[in-house]
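Here are a few jottings from my pass through this one. Have it open while you read, and shout if something looks off.

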Amino acid sequence: MGIALMATYVLMLAGILTVFTAFSTRLLSLAVQPAWLTVLTVTLVAIALAWTAVIIRSFLLVRPESSDTAGRFLTTTLAAALCALVLAPTAYATRLAYLSRDVVSSVFSTTSTAPVVAQDPWNGARRVNFLLIGADAAPGRPGVRTDSMTVASVDTETGATTLFGLPRNLQNVQLPHGPARDRFPFGFTGDGPSTPGLLNEIFQYAEDHPETVPGTPKGKRGPSLIKRTVSDILGIPVNYYAMVDMKGFAEIIDAMGGVRVTVKDPIVYGKYREGLLPAGTRKLSGEEALWYGRSRTDSDDYVRMGRQKCLLNAVAKQADPITVLNSFEKLAAATKRAISSDVPQDLLPALIELSDKVKSTRIRSLSFVPPLISTVTPDWYLIRRKVAETLRERPVSRSASAHHHAEPTQDPESPVTLDAACG
């Protein structure tokens, strides 16, 4: 029996190691499916209880006579230790399954606008577009300002991704048809003299004025209006959004163990300029990464936009499945506090697999900032034309670009490969 149990245990360990190394992406796909997590939890508990019963039964069969006090003590201690060795990992795995269920249920929607088919979760779409929002709230400023807005357009077959950056200070933004357009027929002008009427105010305006997004519940009015607004600006459908609170973003990076980026020029940060990020390639903590992405000292909004994309690129490349699994509990807690999204739960497995494809490609970026676009009088037709032209281009693959170390183009009308621009 001992030999049989040992052989079973060795095979189980080999299976677990194989899953964690060769199928780590598939493992993450399973970790975002609540139903599968329930089955996993029940299975783990059943195996652990059966294994514990075998240990206890074996102990009862071979324990020394009651007169052998030392032998009784040693075998009882050994049996208890073996039970703990079986039950402790099971308890930990069960907790991870519970945390995963909690995160998925808290952050992601239970309903989707279209049914997700396993054979083709993207419903035949060649590209899927995600609006990535960095939200910043300040104590002296009511509401949320979407100070960072980037649309990630991802090829569903290859994972090739282009980021389209919109500056927060775009003015006279044309709102989508309906009550919002009726209220601002000549472009968004804000909510009174205290607001300048910038793109980063539209999210909170919708939340404060439900009549502009009729029939939409609180908490979803802002995402609904900003998605449709950005979709009209770029001329492509925005399928989903994900919004991260900037302070929560720092917690996520800390949970990852930091993020390695190249700081091209020294960055002064802090309310009283008390911090400095020296130039060079280094691993940043969450707080340092937050200031790297948001500091405007000795620079401007457009330089900051470029750094934010470099930070997104670094996080996307470095958040590999093993890192995520190792920091799962901290990441789960930070994610619940920091992220909101309308990505449906049943799309998450496909999204995990798509993100793995993204890692093997070069992410490109095109920002609609001066001199290409005036933020005061934007050329909306030019923006849509540049988006269409960029998505028709064939991006350079990672293998091809490895043999061609050209400097990133300085043409503001051309997309820049982020690995080259940020490295």
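The points below cover one helix residue, the aromatic pairs and two arginines sitting over rings.

1. First, a caveat: this is a predicted model, so read each point below as a statement about the prediction.

2. Start with I253, which sits in helix α8, the stretch covering residues 246-256. Its relative accessibility comes out at 0%, so I253 counts as buried; the cut-off for that label is under 20%.

3. What does I253 touch, leaving aside residues up to four places away in sequence? The list is G258, V259, L284, S285, G286, A289, L311 and V315. Take S285 from that list: I253 and S285 are 32 residues apart along the chain, yet their C-alpha atoms are separated by 6.8 Å.

4. Now the rings. The structure has six aromatic pairs. One to look at is F184 with F188: the ring centres are 5.1 Å apart and the planes meet at 65°, so this pair is edge-to-face. The angle has to be over 60 degrees for that label. F184 and F188 are both buried.

5. Which residues do ring pairs link into a cluster along with F184? They are F188 and Y205, so have a look at Y205 too while you're zoomed in on that spot.

6. Last, the arginines. R294 lies over the face of W291, 5.5 Å from the ring centre. R307 does likewise with Y292, lying over the ring face at 5.9 Å from its centre. For reference, the distance cut-off for a charge over a ring is within 6 Å.

Terms used:
Residues numbered from 1 in each chain as written. Predicted model: local features only at pLDDT ≥ 70, side-chain atom pairs only at ≥ 80, totals over all residues. Heavy atoms only, no water. Helix = DSSP H or I, 4+ residues; strand = E, 2+ residues; numbered from the N terminus. Buried < 20%, exposed > 50% of the residue type's maximum accessible area, 1.4 Å probe, protein only. Contact = heavy atoms within 4.5 Å. Phe/Tyr/Trp six-rings, centres within 6.5 Å; stacked < 30°, edge-to-face > 60°. Lys NZ or Arg CZ within 6 Å of the ring centre and 35° of its normal.
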